[in-house]
Amino acid sequence: MKNLGHTRSSQQPNHLLLTADTFVRIALPGMRKCSAIVHAGPALGAGFTEYTAECEAGGELGPTSAQRFLFVIDGGLQLEVNGKSSELTARSYAYLSEGLQHRVKATQVSRIVVVEKVYQSLSSNTPPQLIISTEDAVVAHPLDGDPSLQVKCLLPDEMSFDFAVNTMVYQPGASLSMVEMHVMEHGLIMLEGGGIYRLGDSWYPVTVGDFIWMGPWCPQWFGAIGKAPAKYLIYKNWNRHPLAGHAR
Ligand code: UGY
Ligand code: MN
């Protein structure tokens with residue numbers, strides 16, 4: 001008997017905390033030498049899918065018909081797209097627009113965060129194009145003027161993108177300046193450190209490796225605790241009218 005049935009993981013109507021002790025690995029169609037820890041998807045009520053792909057050297061992701069965002073947590077991979085091959089290492093990321101044929105092959109043991117979302121087009125914009133970059137190349141800005149909370153926006157600030165992915169770094173003791181409640185949902189992976197996350201009416205201790213889904217208007221607040229900074233990668237749907245995709 002391990003932990004006598006106790007876990008920090010919790011599923012609630014408007015949020016989900018998944019901790020590593022409860023992760024279940026599955027194969028997704030087309031994956032080779034690779035497994036997925038599915039964190040969020042439509043079955044949960046989310047408008048996107050997020051999973052961590054754990055690959056052996058030579059492992060491959062399967063195809064997707066949706067937009068795909070990749071962030072390398074550790075290891076390395078080769079991304080083949082448009083007849084070109086690019087090497088992605090830790091903190092590298094890629095945005096692949098809907099329908100863009102590509103191949104993702106791990107060159108070593110790797111963990112990759114994968115976000116997939118059906119694109120909500122805008123008649124006034126052409127869809128976004130391929131991006132291959134690294135978090136190291138993105139300039140950070142303080143959130144709400146607080147230098148102890150730095151944000152990096154990994155995707156361009158353009159209406160054509162219907163989602164955003166940011167990293168947020170909190171110095172020890174830093175916190176969000178308010179309890180946020182907003183129409184967007186979030187998928188969040190703790191990359192470093194830890195702290196206390198308020199979700200709905202509960203306060204959870206969280207640490208590196210945890211995943212959090214926050215549904216629309218889920219009350220949310222975070223404070224970093226410990227002697228090292230806390231860092232997370234956070235997805236949100238973005239740039240679309242609340243009625244988009246909700247026709248009745
Ligand atoms: O972008 C955000 O909404 C972000 N500040 N939310 C969060 O960190 N929970
Ligand atoms: Mn938020």
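Here are legends for three close-ups of a predicted model.

**View 1. Meet the manganese ion (ligand 2) and the residues that hold on to it.** Four protein residues act as donors here: E180 through OE, H182 and H186 each through NE2, and Q220 through OE1. They sit 2.1 to 2.3 Å from the metal. Counting donor atoms gives six, with angles of 76 to 176° among them, and the site comes out as octahedral. For comparison, ideal angles for six octahedral donors are 90 or 180 degrees.

**View 2. Now let's see where the manganese donors come from along the chain.** Their spacing in sequence reads E-x1-H-x3-H-x33-Q. E180 and Q220 link distant parts of the chain, 40 residues apart. You'll find E180 in the loop between β14 (163–170) and β15 (186–192), while Q220 belongs to strand β19 (residues 220–224). Both E180 and Q220 are buried.

**View 3. Say hello to ligand 1 and its ring of neighbours.** The residues around ligand 1 include M168, Y170, L176, I234 and K236, and also the manganese donors E180, H182, H186 and Q220. Look for three polar pairings. The side chain of Q220 puts an N or O atom 2.7 Å from a nitrogen atom of ligand 1, and a polar side-chain atom of Y197 is 2.9 Å from a nitrogen atom of the ligand. The side chain of H182 has an N or O atom 3.2 Å from an oxygen atom of ligand 1. On its own, ligand 1 has 270 Å² of accessible area, and the protein covers 93% of that. Strand β20 gives the largest share of the shell, three residues. Sorted by type, the shell has six nonpolar, three polar and two charged residues.

Technical notes:
Residues numbered from 1 in each chain as written. Chains lettered and ligands numbered in written order. Predicted model: local features only at pLDDT ≥ 70, side-chain atom pairs only at ≥ 80, totals over all residues. Heavy atoms only, no water. Donors = N, O, S within 2.8 Å, 3.2 Å for Na, K, Ca; no water. Tetrahedral: all angles 85-135°; square planar, octahedral: opposite > 155°, others 65-115°. Helix = DSSP H or I, 4+ residues; strand = E, 2+ residues; numbered from the N terminus. Buried < 20%, exposed > 50% of the residue type's maximum accessible area, 1.4 Å probe, protein only. Near = heavy atom within 4 Å. Polar contact = N/O pair within 3.5 Å; in protein donor to acceptor, adjacent residues only side chain to side chain. Areas by Shrake-Rupley, 256 points an atom, 1.4 Å probe, with all protein chains shown as cover. Nonpolar A, V, L, I, M, F, W, Y, C, P; charged D, E, K, R; others polar.
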